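User: I am beginning to study protein structure and would like a close look at a single part of this model. Please describe one helix with care, and then place that part within the surrounding chain.

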Amino acid sequence: MASMLMHTIRSCPVNTSRAVQFAARSLTTSAHLQAQAAQTKSKKTLGKPGFRNIVLVEGVRTPFLMSGTTYSDLMPHDLARAALQGLLNKTGLPKDAVDYIVYGTVIQEVKTSNVAREAALGAGFSDKIPAHTVTMACISSNQAMTTAVGLIASGQCDAVVAGGVEFMSDVPIRHSRKMRKTMLSLNKAKTMGQRLALLGSIRLSHLSPELPAVAEFSTSETMGHSADRLAAAFGVTRQEQDEFALRSHSLAKKAQDAGLLSDVISFKVPGKDTVSKDNGIRPSSLEQMAKLRPAFIKPHGTVTAANSSFLTDGASAVLIMSEEKALAMGYKPKAYLRDFVYVSQDPKDQLLLGPTYGTPKVLQRSGLTMDDIDVFEFHEAFAGQIMANLKAMDSDWFAQTYMGRKSKVGTPPMEKFNTWGGSLSLGHPFGATGCRLVTTAAHRLHKEGGQYALVAACAAGGQGHAMVVEAYPQ
């Protein structure tokens, strides 16, 4: 597949040579879009007769920090608890007014395997509120949110808190399999002779730990290696990737300085300072970025530390309600959560193409086209992954050959795309990013005067997610 894609899809370039210019002007585009929207007749609403309207009331997140920095002495439930407390503080929500709590996470801390429950109890929620934890790689909190939507749509609940957390500063590191078997056998040994025999069987090689890796179990390939191959297959150059990464960091810095990242809450880290902003935003220069060596495929790969998302600690939380419940409690919702889809494809050659597959499906379910979408928020795992998706979305050949579609869905206009930065710059706590995407989409719709946003993300296992978010009438 890779050679076929490289030969065929290079004829479908996506221009990013003006990435820095995009970064400089994208925030000012908001005012233009808002004025344009004011002159345009409002589009149809996606509300359906006989179905409950489900709304996003509020969304918050802790600052997203590079792993090994200020959060390094905490545990995952500490960050999740902070996000939940921030949500309570921002909404004034009574702690017994929620029907259910769902959290997403990827690399679980064994002491708090159901981190949703532990964080909820720590945040002071009523112990009568059930809570469970889901995992779906980088779309875990997307799964948490759509689980909440399902609970409300079915009439089981009226108010659900969803969120996600990831803590990469202290991931579980296991003993080797042989050492684990020996230790378990020691617990069962009944005599001193049996214990001594087991201890005597231990070899130096047994002491080698099993380190976790961001790799596919089915293919044994790291995600970065797959991203590098995907970029090569679609003819994405190193310069294109560096330009897009620089755009992400530049836009994130502008958004941060302009106070647009209002979902970020301040968090007093025990024994340390109060953290109030993301610390991975680092605008550089194309010249400096070009000096970095390939991180995965050496020496000729194009994916580097500068054009990849970094290991991140952070947590997010959103309050989702039925519209009638939100209004009855005096809340002004931010957005409607409308149609969504989950997709899966080949985890070897199409691992990171979730947005390409999810976007046309969710648009079809909603009865919308790309032209109807005012705001695009896509997860940026790697710059090469984003560029490959954009090229796939702009290819009739790919749509016909791999997706069973008659024609391409088309690419998002860059002036509508991730204009407040993305995962490359803001950070990517695996289990928490989905809530950030949806909250940012709602905030951008309000700021820019748009009506529809499209959120999309890829995930390990060759899976993906897409959702349409509709602005709540102001």
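Analyst:

**Helix H8 and its setting**

Helix H8, which spans residues 223-233, is largely enclosed by the rest of the structure, because eight of its eleven residues are buried. The model under discussion is a predicted one. The residues of H8 that count as buried are Met223, Gly224, Ser226, Ala227, Asp228, Leu230, Ala231 and Ala233. A residue is called buried here when its relative accessible area is under 20%.

Both sides of this helix deserve attention. Before it, Ser220 sits in the loop that runs between helix H7 (192-200) and H8. The phi angle of Ser220 is near 65°, a positive value in a residue other than glycine. In contrast to the buried residues listed for H8, Ser220 counts as exposed, because its relative accessibility is 64% and the cut-off for that class is over 50%. After the helix comes Gly235, and its phi is likewise positive, near 65°.

**The chain around the helix**

The protein chain as a whole contains 16 helices and twelve strands. Its radius of gyration is 23 Å, which agrees with the value near 23 Å that a compact globule of 474 residues would have. Along the principal axes, the C-alpha atoms fill a box of roughly 85 × 55 × 45 Å. Of the 474 residues, 56% count as buried. The chain exposes about 19,800 Å², and carbon and sulfur atoms supply 54% of that area.

Contacts between distant parts of the sequence are a further point. Among the contacts in the chain with a separation of 6 or more, 81% are accounted for by residues 24 or more positions apart. As for charge, the chain has 51 positive and 39 negative charges, and the mean positions of these two groups are 4 Å apart.

**Individual residues elsewhere in the chain**

Met145 offers an example of a contact across the sequence. Met145 has its place in helix H5 (residues 140-153) and is buried, because its relative accessible area is 0%, under the cut-off of 20%. The C-alpha atoms of Met145 and Val438 are separated by 9.5 Å, although the two residues are 293 residues apart along the chain. Apart from residues up to four places away in sequence, Met145 touches Ala162, Val318, Ile320, Gly434, Cys435 and Val438.

Asp99 gives a second example. Asp99 lies in the loop between helix H3 (76-91) and strand S3 (100-104). With a relative accessible area of 33%, Asp99 is partly exposed. Asp99 and Cys157 are 58 residues apart in sequence, yet their C-alpha atoms are 5.7 Å apart in space. When neighbours within four places in sequence are left aside, Asp99 is in contact with Ile129, Pro130, Cys157, Asp158 and Ala159. One of these partners, Asp158, is also reached through its backbone nitrogen, which lies 2.7 Å from the side chain of Asp99.

Asn389 belongs to helix H13 (residues 383-393) and is buried, with a relative accessible area of 1%. A polar atom of the side chain of Asn389 lies 2.8 Å from the backbone oxygen of Gln385. Beyond residues up to four places away in sequence, Asn389 touches Leu352, Leu353, Gly354, Pro355 and Thr356.

Tyr452 is part of strand S11 (residues 452-459). Tyr452 is buried, with a relative accessible area of 1%. The C-alpha atoms of Tyr452 and Gly464 are separated by 20 Å, and these residues are twelve residues apart along the chain.

**Backbone features in other loops**

Two further loops contain backbone features that may be set beside those described around H8. Asn418 is found in the loop between helix H14 (396-402) and helix H15 (423-426). Although Asn418 is not a glycine, its phi is positive, at about 45°. Asn418 is buried, with a relative accessible area of 0%, whereas Ser220 counts as exposed.

Pro299 is found in the loop between helix H10 (286-290) and strand S8 (312-322). The peptide bond that leads from Lys298 to Pro299 is cis, and its omega is near 5°.

To return to the part requested, H8 is largely enclosed by the rest of the structure, because eight of its eleven residues are buried. The loop before H8 holds Ser220, and Gly235 follows H8 with a positive phi.

Conventions:
Residues numbered from 1 in each chain as written. Predicted model: local features only at pLDDT ≥ 70, side-chain atom pairs only at ≥ 80, totals over all residues. Heavy atoms only, no water. Helix = DSSP H or I, 4+ residues; strand = E, 2+ residues; numbered from the N terminus. Buried < 20%, exposed > 50% of the residue type's maximum accessible area, 1.4 Å probe, protein only. Polar contact = N/O pair within 3.5 Å; in protein donor to acceptor, adjacent residues only side chain to side chain. Contact = heavy atoms within 4.5 Å. Rg over C-alpha atoms; globule rule 2.2 N^0.38 Å. Areas by Shrake-Rupley, 256 points an atom, 1.4 Å probe, with all protein chains shown as cover. Lys, Arg positive; Asp, Glu negative; His and termini not counted. Charge placed at Lys NZ, Arg CZ, Asp CG, Glu CD.
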